[in-house]
Amino acid sequence: MSLETVIVEKVDQVGKITLNRPEKLNAINDAMMRDLEAALDQMQQDPDIWVVVIKGAGEAFSVGQDLSGVGTSEVMPPQPRAKAYLGDMFETAMRNCLRWQAIFDFPRWTIAEVHGYCLGAGCDLAMACRMVMAAEDAVFGDPSIRMGLASPNPLWTWRVGLKKTKEMLFTGKYIDGREAERIGLVMKAIPPDKLEEETNLAAESCAKFGTIGGFDGQAGFWAFDRATYDLSGLSAAWRLASNLHTLSAIQRPGRSIIDRGEFDFYEVRDKRGLKAAIEARDAPFRKYFPQPKTPKENK
Amino acid sequence: MPTGFGWEFKTQYQRCQWEAMEYKDREYAHALYEKDGEIARITLNRPEKRNAFSDRMFNDMLAGLHQANDDPEVRVVIIRGAGPCFSAGHELSSPYQEESPPVDPRYNPTLVDYYGFERRRCNKHEDLLHYPKPTIAQVHGYCIGAGEAVAASCDLTIAAEDSQFGIRGFGRFTNGIANLLLWPAGSNKAYAGRVLPEVSGKEAAQMGAINKAVPQDKLEEEVNKWAEALSRLAPEALTITKEWINGMLDITGAGAAWRSHYGAHIMLQYVRFHPSEVSLYKTRRDKGLKGFFVDRAISATPGEKPAA
Amino acid sequence: MMSTIIYEKKDKIGWIILNRPEKLNAINDCLLEELDQALAAAEPDLEVKVVVIKGAGKCFSVGEDLTGLGTSEVLPPERGGRLSTKRLLEAERRRSRRWEYIFNLAKPTIAQVHGHCLGAGLSLAMLCDITIASQDAVFGDPELRMGLLPGMPLWLWLVGIKKTKEMLYSGRYIDASEAEKIGLINKVVPPDKLEQEVNRLAEGISLMPGDGLAICKDGINAVMEARGLGEAWRFTDNMQLVMQQRSIEPGEFDFFETRDKKGLRAALEQRDVPFTSLRAQEEEG
């Protein structure tokens, strides 16, 4: 099976999935979502793969959803000016809710190896893995609120707690790998030149597995862990988060947030291009929430 | 048709286990009970076995809890370990009739046997969690497996900075986020506890998994300070507050999550080891239990291979 | 005219100032009533994007007004009173519903904390979405020492089971950096930077679309509800009743009786002195 937007490899008992749209900073579009699912499926079919590492080609892990508006009808909600029916929006949202849960449910160890930008859906992907290893200068955040959207990802409070969740999602601010480790978003922040080596070590360690039941026991443990997440409310939380994300995306012409004078990302994008739109989205906030420098900017 | 165990084996778990444990005229041996004014101390007392839990040690500990609860003067209970550590976990080489070792497959247990057996094992910790008086775990040295579960089920856990929770090759039986020791600290840390299970007392305090870590020579003093402070509070007010907090923990799902705990225990009885792995059954047969642990720890360390 | 709360609207930010500085912003019925009014003004106002709560004078708030004057909504009724279980339950429901309402306000809330932030004052700060404190802030909830149930479920979700039991059993006070470490607050800043930091945060958030903020907050609170917070409020009401109806042991320290006999200051001393070994000021290892 050939996949366009991800590269699939296997090294001993470790499967590697590399998001591969480096020219777009691995922005996630419909094709990449499908390829990612196919890759995970493929790895699950191979009983020799005990750990899967997900990482990004090029300069970033992933900047999140592809905001170009092209080939993104599954991963992005329709823009406010589209006359979308509720039915279509909720059906897509419910499907996405299950798709993301399936990634979270993947029954082997998953490790996100993060360098560069890890934003929005990219950050969601990292959180859906069981462990996140990040470069110290990786950049994490979810700027959805700056476009008026609520995040469909309920995992924030499980990873970083209620206070930090609200701080991150109300401001849409970006933090570096070290801060991410401090607040619990990331398991370990590593010097960038050691990231690959340490992730490989962690993957090997998982493959050898620290608990007494061996690899067999590991699958059983995950089944019970998954139940425990649900017992603490994750399933309901996922559906609620997905529904409220959809509500935030529903806008009716004439009474939308744009009509109320809020920032219109799509108009700026259509007039001046995607890059300008992203800059217009983020620039007003830099004086309030200073952005950590990206590795590229640091050089 | 009875199996190697049959129903007369100690499967009944309907009673609160410390409440059902007799203490009158008891000769405390594997765990000791001392009363010091308003503070009772239960000392796990098999230092030559690193305080591994035999049935007798569990029973002595439970009896001590019962005695402390019945004594209206006692306001706080401290659980600690004699000798080099708090506890290394279940005694795995106890006679097969005991509850501490895993059920030996030779005796042909059925799933029904496992249910009774594992629920009883796991209920001990739940019963300790719901104990009506405040409890403090005083931890030094190793705190592994059942020892960790006991420490987690106490209200406060105060440890020496260089104590060690968990051990390489063993991990944690309670799962990622139901693990009381790590609840509800961020789940990244909880999974760290699966992969690299050794966590020092100092790290555990930083994670919020335990209350405090102090230099080992200050441990007793620190625990006594807390016990004295708690003993000044109105006992019923404290019981009600504890009931409230534990109740909320149940509401967050931890109550039902105990099913994940004993479910995972039962699941573990059926694991099959892959040819590339160190097998509990084969290695125990060839090298003994100690040999199994050595090989297991080595195999869980990247870049190493156990001796043939 | 409000006397114990000042409400000001400035540049899309609603400022709610606890205004009993001569009483260290101790919370009484009047303050709660006026807080209700201020929130009722701020919530539907489309010109207000963010609400900030802070304290006038030396501190945020020392918590419930323990004098017992005008505190029927704040403290449980005196022991030996004639109120039925039904009335007690209704009173608890009212109290906790107010807290729930503040938690679920349809606008982001920021608590700006300096000085003491104790008891019901701490509850208020915890219910705000984001809490920023100055280095001199002190946090704690000594209610159990007075035979009161601390009654704020959010503790468990914010700091975990171990820290919840430690803080609420001991009633000890901690400093701002420890509060940040355990997850109680978001950030600590030098005292002279507090105002600036909160202004910056509030202004930044006020630039987001109001609808987006409302749904974003509701989404996160919905997750907390799915995690059991909703049930926890009701359970807390019930346990409040159990606490209020418990038997007092002979010889047990009775805060309110001591206050009536020897005055509030003596009662506070007797409450706190035995626990000085657990104070924030002592050197931690």
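These are my notebook entries on a predicted model, taken in the order I looked things up.

**Confidence first**

I started with the scores for the whole complex, and the predictor gives an ipTM of 0.92 and a pTM of 0.93. Then I turned to chain C, where pLDDT averages 93 and 98% of the residues score at least 70. I did flag one stretch for myself: residues 281–285 of chain C stay under 50 in pLDDT. For that stretch I found four contacts beyond four places in sequence. Where pLDDT is low, predicted coordinates should not be read in detail, so I moved on.

**The sheet in chain A**

Next I opened chain A and traced an open sheet of six strands, with the order 1-2-3-4-6-9 and mixed pairing. Which strands stand at the edges? I noted strand 1 (6–11) and strand 9 (188–190) of chain A; each has a single partner strand, so one side of each is left without a neighbour in the sheet. I also wrote down the twist: neighbouring strands are turned by 20° against each other on average, direction ignored.

I then looked at how strand 9 of chain A is attached. Strand 6 (residues 131–135) of chain A runs parallel to strand 9, and three bridges join the two. If you want a spot to click on, Ala134(A) stands opposite Ala189(A) in strand 9.

At the other edge I checked what lies over the strands. Helix 1 (residues 30–45) of chain A lies across strand 1, strand 2 (14–19) and strand 3 (51–56), and runs at about 20° to strand 1.

**A helix pair in chain C**

Back in chain C, I picked out helix 9 (residues 255–262) and helix 10 (residues 264–272). Their axes are 7 Å apart and the helices pack at an angle of about 140°. I logged the crossing as right-handed. Who meets whom? From helix 9 I listed Phe255(C), Thr258(C), Arg259(C) and Lys262(C), and facing them from helix 10 are Leu264(C), Ala266(C), Ala267(C), Gln270(C) and Arg271(C). By class, this contact has four nonpolar, two polar and three charged residues.

**Where B touches C**

My last stop was the contact between chains B and C, which takes 35 residues from chain B and 38 residues from chain C. On the chain B side, the elements giving two or more residues are strand 6 (156–160), helix 6 (219–230) and helix 7 (235–251). Which element gives the largest share? Helix 7 of chain B does, with twelve residues. I closed the entry with the classes on that side of chain B: 22 nonpolar, seven polar and six charged residues.

How values were computed. Residues numbered from 1 in each chain as written. Chains lettered and ligands numbered in written order. Predicted model: local features only at pLDDT ≥ 70, side-chain atom pairs only at ≥ 80, totals over all residues. Axes fitted to C-alpha atoms, helices over the stretch in contact; angles between N-to-C directions. Helix = DSSP H or I, 4+ residues; strand = E, 2+ residues; numbered from the N terminus. Left-handed = near helix turned anticlockwise from the far one by under 90°. Contact = placed C-beta atoms within 7 Å. Nonpolar A, V, L, I, M, F, W, Y, C, P; charged D, E, K, R; others polar. pLDDT = per-residue confidence, 0-100. Pairing = 2+ DSSP bridges.
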